[in-house]
Amino acid sequence: MEYFAGKYDVLVVGAGHAGCEAGLASARMGCRTCVLTLNMDNVALMPCNPAVGGPAKGHLVREVDALGGEIGLNTDRHSIQMRLLNTAKGPAVHALRAQADKKSYQAGMKQVLERQPLLDLKQATVERLLVEKGKVCGAVTSTGARFEAEAVVLTTGTYLKGRIVIGDLSFPGGPNGQFPSVGLSDSLIDLGLRLGRFKTGTPARVDAGSIDFSRMIIQPGDDITHNFSFMSDIDHREQLPCWLTYTNEETHRVIRENLYRAPLYTGAIQSMGPRYCPSIETKVVRFSDKPAHQVFIEPEGRNTSEMYVQGMSTSLPEDVQLAMLRTLPGLEKVEIMRVGYAIEYDYLIPAQLTLWLAVKEIPGLFAAGQINGTSGYEEAAAQGIMAGINAALYVKGREPFTLTRADAYTGVMIDDLVTKELDEPYRMLTSRAEYRLLLRQDNADLRLTEKGYQIGLVTAERYKMFERKKTLVEEEKNRLERTMVPVSGEVKKVLEQMKSAALPQQGASLAGLLRRPEIGYEQLLQLPLEHPELPPEVREQVEIQIKYEGYIKKQQAQVERFRRMEEKKIPYDLDYSQAQGLSLEAREKMEQVRPVSIGQAARIAGVTPADISVLLIHLEQKRRRQTTRQD
Amino acid sequence: MLGLKNYLAGGLNLLEDTIAAISTPLGEGGIGIVRLSGPAAFDIAKKIFRSKKKEWSAAEGHRLVYGHILDPAGQIVDEVLLGYMKAPHTYTREDIIEINCHGGIVPSKKILELVLSAGARLARPGEFSLRAFLNGRIDLAQAESIIDIIRARTETGLKLAVAQLNGSLSRKILELQDRLLGLLAQVEANIDFPEDDLEAATGQELLRTVGELLEQVEDLIRGAQAGKIYREGIRTIIIGRPNVGKSSLLNALLRENRAIVSDIPGTTRDIIEEMINIGGIPLKIIDTAGLHETENIIEKIGMEKTREMINRADLVLVVLDAGRELVAADLDIIGSVRDKKAVFLVNKDDLAEKKISVEELDVLAAGRPVLWVSAKEETGLDELEEKIFEMVMGGHLSGTDDALVTNTRHKQALEAAQRHLTDAVAELKKKVPVDVAAIDIRAAWEALGEITGNTVTEDLLDRIFADFCIGK
Ligand SMILES: Nc1nc2c(ncn2[C@@H]2O[C@H](COP(=O)(O)OP(=O)(O)OP(=O)(O)O)[C@@H](O)[C@H]2O)c(=O)[nH]1
Ligand SMILES: [Mg+2]
């Protein structure tokens, strides 16, 4: 029996990291929003490792935060350890990584959703989408509840037709002992959407009480307290350490001897897994000359003995998992609490989406997160907020909101997803970003908060803080450029101490000194001059902007040229079959992707410069025909 | 053509750059025109052109000015007539410069290289017409023909580029690109996976390797095929069994009696080298001792040397005797040039009785040209010269000269790579973080990708995951 269960502006299907951000963004932009979750206890679940951030992923978290999202704030509130990685490298790749308390992270996020005005959170399994006259208009659950909505955001993660594989065992299931979502997958196919299939895996969770930590290397968090969010003011946090141990010849022997039972090698798993997250069996086979692989033991929270065994993701049978773990120093007597597994799932081939994450062929339908073939909480959250924003804008009849490759990692990711073909789950990496020096984690607010404010997601409070920071940075940069350091005995001494060359006769500006490799902002403060009291994030910003000015300008010039290509628009409904001279491959690819600009068209694999030239001619032909018609 | 992604990602602009190309058919003694179109055309011309008329570009409209093209060292490259045409009353509706230079390919080519280093970009196939159309200079009716030009030129261009990929320059570029990629992969793997125990490249190590690679790039630029051809000529070697008429052929091509000719097999003992000029292309032509089975130590050494010369040759002329059947020694010779650019010359066409099997030879030539000549009667030599010219020019004597353009493209890419690597070295010396220097290294790689058509991100990721055991 079907019954009417409510009418909303935006319906979000799934309450993982994408769903939470999508729902919050939509409600915060003033849309009546309903978020449906398969299981009320699994909101914002972290079914894989209990960590947020790292290179590129940390950038995404900062970007979501700068737009007014929640992942950064919630991680700050529920972190049990943070480290800033890559500090020996340049600021563009500094990366914050946090261990989260899984349960408390979930509870915290759930409460944020519960307290969010205009947002209802409900437990339900969506069976099929409602589509009328080609437009989405709601969804029906397995219990017959009919939710009506103008826009629907699919954020179903890895649940679509999920299949769990552990050794020779295989059964339908979602991550972490959940039910899979079967009906929805078929419903999407019925709507004419194309699905692909990916695989990912997770290691066993083991009991801290059975581990001998004295045989492992301790990995503490940083002494300095970090925060992801530009809004967080947490200045102290009790931290828990992680632990490092290594596999050895014995481990590898156990694995090799049992390969005949490994689904990845017996052919029981056919779908593509991610190369950046190989199972331990893959690592042992592919890098057979490596005598040891590192394994991190990470706490899953403050109130649990469960430890995550990072580096040992596997789908080997349960008995082999135990045998191999027990070969590691410190794990000789280890007890498994949850066994590792591989999961196969359906994903929506993301070429069917627009740059604002709308399903091209079905107005009102949006998709975000792992359903789009990505992996990672951060990737999910960043798509979630974009899909939520755009669902809200769609309901309000406003222009879509997009980010380009020059704006944000989020922009790089979505452009990649909709333009390129995936052959493994997509993970954000700094090497994917062309304009890395501009897309830093430290300036995510400077890049995005203004935009977030304009679409009505960033609060007045955040915006005020942001404006203040921006002003301070500009003022301090000006001051450094203007202030001349006089040539004096005292200055000479200070410079000598820093092993920096003496000043030229005419002196030098503070900015000039800051450009010297050996001098940072901290060092400037030692000079006998007056210095303003400034918050650390302002100092950092000033230092980076001045020190890397040359490179930043170089990249900005490239971005200028990039933008010009992005500005040459291609109409969405262009009839590519009318563009004579296009190669067949280019035509097919472009019809699929429907690039919005010449720049995007050029990024499609298989499209050549000749195709682009021909396309330009075709667009010009069209334009001229239209103008003559109007005359 | 190849490498659009890099082309755009590298910041090159399809429509706003100033483009340049050689725009007339090239030939011996003919006038070559180097044409520039785009906003910087005048500025670029000013950098390399000197005239007695000081303010030569001040006047409006169209003018022809007499003057000289100078290279950066101030040396005169050629005496030219420079035509300048102000937008919008030009073919492309952009500022256009046309440099009319004397004498064949060499100066035109040199001038093209000068304008490229001065900031122009090599025009893509049909790009002048494309601009003319997009800027409203050409009417709708002709759009189709422009598409045809772009398509056709691109196809042949592509074939050429692929053909050239087998050349040694391209092989070296590929090797270089591979090393750059390996280096980048190491740096990038460390950035993206800092918690994996990967070997990190320090700034010092990076500096050393990048410096090394920069030297290689510079070597390549110095030795780039196009340049070499004009300095040293195309190495063309004449081989064949004794007494087939190799020395006679050399004399005929030289139009003088340079080599001794006799009916005694084994007349030529040593290698003879001479320069000739075919349609403006210098050829270094090499006559060799006839190849055959022998026990004679001295002959053996001579033949060994010939084999070595074959390897180093750009073009092989295999001479066969029309009056004799193909024998084992001929087959050996043909086999030894399996992978070379070669022309098969059936000499002594004047003989009444022909014994050579045409069918067999056609098979053995494997698609390469077979020509009938007579060194004695000097027949078939024009066809031979034409064939050689065609092969050098990539088979396209009209329109832009594609073979040279492809080479120029290689060189331009190498020069771009050189600039980026020089930047990287300079910055690394200033101790910038490795991830920042990686931006320049990546740009260098992308510049080379213009030739090989690879895209950086995918290749880089493939390399990272192939080289390093990564992942949690
Ligand atoms: N009829 C005729 N005879 C030719 C022709 N070309 C060369 N000959 C004769 O062939 C003989 C050998 O000519 P060479 O040019 O010395 O031959 P080669 O291949 O250099 O011989 P080696 O140096 O001994 O290997 C001479 O008697 C030439 O006159 C030709 O086109 N027609
Ligand atoms: Mg001879």
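This report describes a predicted model, moving from its ligand site to its chain interface and then to some local details.

**The ligand site**

Ligand 1 has 23 residues around it. Those that come nearest are B:Ser248, B:Gly266, B:Thr267, B:Thr268 and B:Asp350. By class, this shell holds seven nonpolar, 11 polar and five charged residues. Helix H9 of chain B, residues 246–254, gives the largest share of the shell, with three residues.

Some of the polar approaches involve oxygen atoms of the ligand. The table lists them.

| Residue | Protein atom | Partner | Distance |
|---|---|---|---|
| B:Val244 | polar backbone atom | oxygen atom of ligand 1 | 3.3 Å |
| B:Gly245 | polar backbone atom | oxygen atom of ligand 1 | 2.9 Å |
| B:Thr268 | polar side-chain atom | oxygen atom of ligand 1 | 2.8 Å |

B:Thr268 thus appears twice: it is among the residues that come nearest to ligand 1, and its side chain supplies a polar atom 2.8 Å from a ligand oxygen. How much of ligand 1 does the protein cover? On its own, ligand 1 has 650 Å² of accessible area, and the protein covers 90% of that.

**Where chain B meets chain A**

The size of an interface is often given as the accessible area lost when the parts come together. Here the area buried between chain B and chain A is about 5,700 Å². Carbon and sulfur atoms give 57% of it. On the chain B side, 64 residues are in contact, and they meet 66 residues of chain A.

Charged and polar pairs also link the two chains. There are six salt bridges between chain B and chain A. One pair is A:Arg97 with B:Glu195, whose closest N and O atoms are 3.0 Å apart. In addition, 15 residue pairs between chain B and chain A are in polar contact, with both residues at pLDDT 80 or more.

Which helices of chain B supply at least two residues each to the side that touches chain A? They are H1 (4–9), H4 (127–134), H5 (143–165), H6 (168–192), H14 (402–429), H15 (434–452) and H16 (456–467). H16 of chain B provides the largest share, nine residues. By class, the side of chain B that touches chain A has 34 nonpolar, seven polar and 23 charged residues.

**Salt bridges and local geometry**

Over all chains, a search of the whole structure finds 65 salt bridges. One lies within chain A, where the side chains of A:Arg32 and A:Asp9 meet at 3.0 Å, N to O. This pair links distant parts of the chain, 23 residues apart. A:Arg32 sits in the loop between helix H1 (17–28) and strand E2 (33–37), while A:Asp9 belongs to strand E1 (residues 3–13).

Two backbone details are found in loops. In chain B, the peptide bond from B:Ala87 to B:Pro88 is cis, with omega near 5°. B:Pro88 lies in the loop between strand E5 (76–85) and strand E6 (96–101) of chain B. In chain A, A:Ala44 has a positive phi of about 55°, although it is not a glycine. A:Ala44 is placed in the loop between E2 and strand E3 (51–53) of chain A.

Note on methods. Residues numbered from 1 in each chain as written. Chains lettered and ligands numbered in written order. Predicted model: local features only at pLDDT ≥ 70, side-chain atom pairs only at ≥ 80, totals over all residues. Heavy atoms only, no water. Near = heavy atom within 4 Å. Polar contact = N/O pair within 3.5 Å; in protein donor to acceptor, adjacent residues only side chain to side chain. Areas by Shrake-Rupley, 256 points an atom, 1.4 Å probe, with all protein chains shown as cover. Helix = DSSP H or I, 4+ residues; strand = E, 2+ residues; numbered from the N terminus. Nonpolar A, V, L, I, M, F, W, Y, C, P; charged D, E, K, R; others polar. Contact = heavy atoms within 4.5 Å. Buried area = accessible area lost by both parts, 1.4 Å probe. Salt bridge = Lys/Arg side-chain N within 4 Å of Asp/Glu carboxyl O.
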